[in-house]
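Trainee: Could you take one helix of this protein and walk me through it closely, so that I can see how it sits among its surroundings? I am new to this, so please go step by step.

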Amino acid sequence: MLKPAILYADELLRKMKQTWYDPKYFSYYSEEMYLPELGGDPKGRRDFVSVDENDNVIGYFSYQIDRRIDGAYNFGIMSFDMGNLIFVRDILQGVDDIFVKYHLNRMDWMCYASNPALRGYRKFVNRYGGREVGKLTHAAITADGILQDVYLFEIMAKDYLEAKLFSKEK
């Protein structure tokens, strides 16, 4: 279940600090490690944790909102329990909230080439009417100091809602 991250701030920040030097998370961070600033401006930022049935933090999901274009961007998605289906369902719910609950028009995000989530993002945009916008060659350095290509993705609300409706009709 997605819950406001500020309610789990200590546990979330502790888990994120544990990822800083773990190679399996290097493709999440750029060359600078960071921690989310929880409790900031609720109008421009959404920070959530995914919790399991025992109320343990199993993942993190965040994004910023640009009301000028009614868009969500600057996503942060991190699993602390790889392969947990609760987390996957929570991310899908969070994306659905962007379009259905908050009535945003679009969402866009980027992904480093070395990120294992890249394959999942490609499947996701294919299923929900989005698209891979392009690739920026050698546009970022990840935490391990490797120059990375960056892939850009977007989904428009009308395409997401149409794809979601179509998938229910099947």
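Mentor: Here is a close look at helix α3, with the whole chain first and some comparison spots afterwards.

Please keep in mind that this is a predicted model. The protein chain contains 4 helices and 7 strands, and along the sequence they come in the order β-α-β-β-β-α-β-α-β-β-α. The radius of gyration is 16 Å, close to the 15 Å that the globule rule gives for 170 residues, so the chain is as compact as a globular protein of that length. Along the principal axes, the C-alpha atoms fill a box of roughly 45 × 40 × 35 Å. Of the 170 residues, 45% are buried. If you take contacts between residues at least 6 apart in sequence, 59% of them join residues at least 24 apart.

Now to α3 itself, which covers residues 117-127. Which of its residues are buried? They are L118, Y121, F124 and V125. Looking down the axis of α3, you would find these buried residues within an arc of 120°, so they line one face of the helix. Turn to the face that points away from this buried side, and you meet the exposed residues R119, K123, N126 and R127.

What covers the buried residues of α3? The cover includes the strands β4 (71-79), β5 (106-112), β6 (131-141) and β7 (147-156), together with the helix α2 (85-101). Just past the end of α3 comes G129, with a positive phi of about 75°.

Let us follow some of these neighbours, beginning with β6. E132 is found in this strand. Its relative accessibility is 32%, so E132 counts as partly exposed. Leaving out neighbours within four places in sequence, E132 is in contact with R122, V125, Y151, L152 and F153. You have already met V125, as one of the buried residues of α3. As for F153, this residue is 21 residues away from E132 along the chain, yet their C-alpha atoms are separated by 4.5 Å.

Next comes α2, where you can find F99. Here the relative accessible area is 3%, and since buried means under 20%, F99 is buried. Not counting residues up to four places away in sequence, F99 touches L104, N105, R106, M107, I155, M156, A157 and Y160. To relate F99 to α3, take R127 from the exposed face: the C-alpha atoms of F99 and R127 are 15 Å apart in space, and the two are 28 residues apart in sequence. After α2, in the loop that leads to β5, lies H103. With 59% relative accessibility, H103 counts as exposed. H103 also has a positive phi, about 55°, although it is not a glycine. Most residues other than glycine have a negative phi.

A second loop gives you a similar case to look at. D70 sits between β3 and β4, and its phi is positive at about 50°, although D70 is not a glycine. The relative accessible area of D70 is 29%, which makes it partly exposed. In strand β3 you will find D66, which is buried with a relative accessible area of 14%. Apart from residues up to four places away in sequence, D66 touches G71 and Y73. From D66 to Y121, one of the buried residues of α3, the C-alpha separation is 22 Å, with their positions 55 residues apart along the chain.

To finish, set α1 (residues 9-19) beside α3: the buried residues of α1 are A9, E11, L12, K15, M16 and T19. They cover an arc of only 165° around the axis, which puts them on the same side of α1. D10 and Q18 are exposed on the other side. The buried residues of α1 pack against β2 (45-51), β3 (57-66) and β4. You may recall β4 from the cover of α3.

Conventions:
Residues are numbered from 1 along each chain as its sequence is written. This is a predicted model: local features need pLDDT of at least 70, side-chain atom pairs count only at pLDDT 80 or more; totals for chains, interfaces and linings use all residues. Side-chain values use heavy atoms; hydrogens and water are left out. Buried means under 20% relative accessible area, exposed over 50%, partly exposed in between (1.4 Å probe, protein chains only). Helices (H or I, at least four residues) and strands (E, at least two) are DSSP runs, numbered from the N terminus. The arc is that of the directions from the helix axis to the C-beta atoms. Contact means heavy atoms within 4.5 Å. The radius of gyration is taken over C-alpha atoms; the globule rule is 2.2 Å times the number of residues to the power 0.38.
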